Amino acid sequence: MITAPFYLVEKFFPRMEPGVVLDIGFGDGRNSIFLARKGFSVEGIEIDEKRVEELERLARDMHIDISVQHTDVRDFDFRSEAYTAVLAIQSLVFLKKSEFRTIVERMRHALQQGGIAIVSSFTVDDVSYKRLSTRDEVEENTFLTGSGVHWQFLAKGELRECFGNGFDILHYGERVVEDDHHGDMSGRHMHGIAEIVAQKKRGA
Ligand SMILES: C[S@@+](CC[C@H](N)C(=O)[O-])C[C@H]1O[C@@H](n2cnc3c(N)ncnc32)[C@H](O)[C@@H]1O
């Protein structure tokens, strides 16, 4: 079952000009499918092969315009000024801080003028930060988990600073939300989340 799109995608898609949307780490494809149904041409990238096969199948069955690529975002060749929107919804958590900054820079360049970036990621208010920060810090606010992947957390105001120059901030928020269901985390716990919708200035 496909879940509802991320609320900021639903809210801000009318501000996107017709064109191509890049969805980084599309997961079950909820945002890609929503935007393709709204008439956008969607390029999705995803590191998990099963999810790639699943979205390919769904797009074919639904006759919607989604082109899917199985790749790690770190290896993806971002086209310059090509996209009307670029989404990274909870998909850049698993990068080291330096890699996160590189990807944000590539996202900025990949947007055409007037293009919109929507990014959401965990902050230092997240329950996992409290758990992982007792370990060695690999890079700034970046920790190696027991399963061998990195998790990096955003400091207060950091995501806003990423889009400080050359962009208009349409939305910015940092919030703590309660969650009570997770594959690996039982019981109620708090997630710290920063989220931004930023529009590339024309002439920037
Ligand atoms: C929490 S899910 C979010 C999925 C989707 N963006 C959404 O809003 O529902 C994060 C997704 O990012 C993918 N992902 C994680 N690291 C990635 C990477 N380095 N390159 C591409 N995709 C990645 C995961 O496989 C997973 O499907």
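## A contact, and one residue that makes several

Two residues count as being in contact if their C-beta atoms, placed from the backbone, lie within 7 Å. Keep that in mind as you look at this predicted model, and start with Val21. Leaving out residues up to four places away in sequence, Val21 touches Leu35, Phe40, Val42, Tyr83, Thr84, Ala85 and Leu87.

Val21 also belongs to the largest nonpolar core, which has 50 residues. It is one of the residues with the most contacts inside that core, along with Ala85, Val86, Leu87, Ala88, Ala117 and Ile118.

## The seven-stranded sheet

Now zoom out to the strands. Seven of them make an open sheet in the order 3-2-1-4-5-10-9, and the pairing is mixed. Strand 3 (66-70) and strand 9 (167-179) sit at the edges with a single partner strand each, so one side of each has no neighbour in the sheet. On average, neighbouring strands here are turned by 10° against each other, ignoring direction.

For a look at one pairing, try strand 2 and strand 3: they run parallel and are joined by five bridges. Follow Gly44 across and you'll find its bridge partner in strand 3, Val68.

## Helices lying across it

Two helices are worth tracing next. Helix 2 lies across strand 1 (20-24), strand 2, strand 3 and strand 4 (83-89), and runs at about 170° to strand 2. Helix 3, residues 49-62, lies across strand 2 and strand 3, running at about 165° to strand 3.

## The three-stranded sheet

There's another open sheet to find, made of three strands in the order 6-7-8 with antiparallel pairing. Its edge strands are strand 6 (137-139) and strand 8 (150-152), each pairing on one side only. From one strand to the next, the twist averages 40°.

Strand 7 (residues 142-144) and strand 8 run antiparallel, with three bridges joining them. One residue to pick out is Leu144, whose bridge partner in strand 8 is His150.

## Around the ligand

Finally, which residues are closest to the ligand? They are Gly25, Gly27, Val73, Ile89 and Ser91, out of 18 residues that surround it. Sorted by class, this shell holds seven nonpolar, five polar and six charged residues.

Some elements from earlier turn up again here. Helix 2 (30-37) supplies at least two residues of the shell around the ligand, and so does strand 2 (41-46). Helix 2, then, is a handy landmark: it lies across strands of the seven-stranded sheet and also contributes to the ligand's surroundings.

Notes
Residues numbered from 1 in each chain as written. Predicted model: local features only at pLDDT ≥ 70, side-chain atom pairs only at ≥ 80, totals over all residues. Pairing = 2+ DSSP bridges. Helix = DSSP H or I, 4+ residues; strand = E, 2+ residues; numbered from the N terminus. Axes fitted to C-alpha atoms, helices over the stretch in contact; angles between N-to-C directions. Near = placed C-beta within 6 Å. Nonpolar A, V, L, I, M, F, W, Y, C, P; charged D, E, K, R; others polar. Core = buried A, V, L, I, M, F, W, Y, C linked by C-beta atoms within 7 Å. Buried ≥ 20, exposed ≤ 12 C-beta atoms within 10 Å, placed from the backbone.
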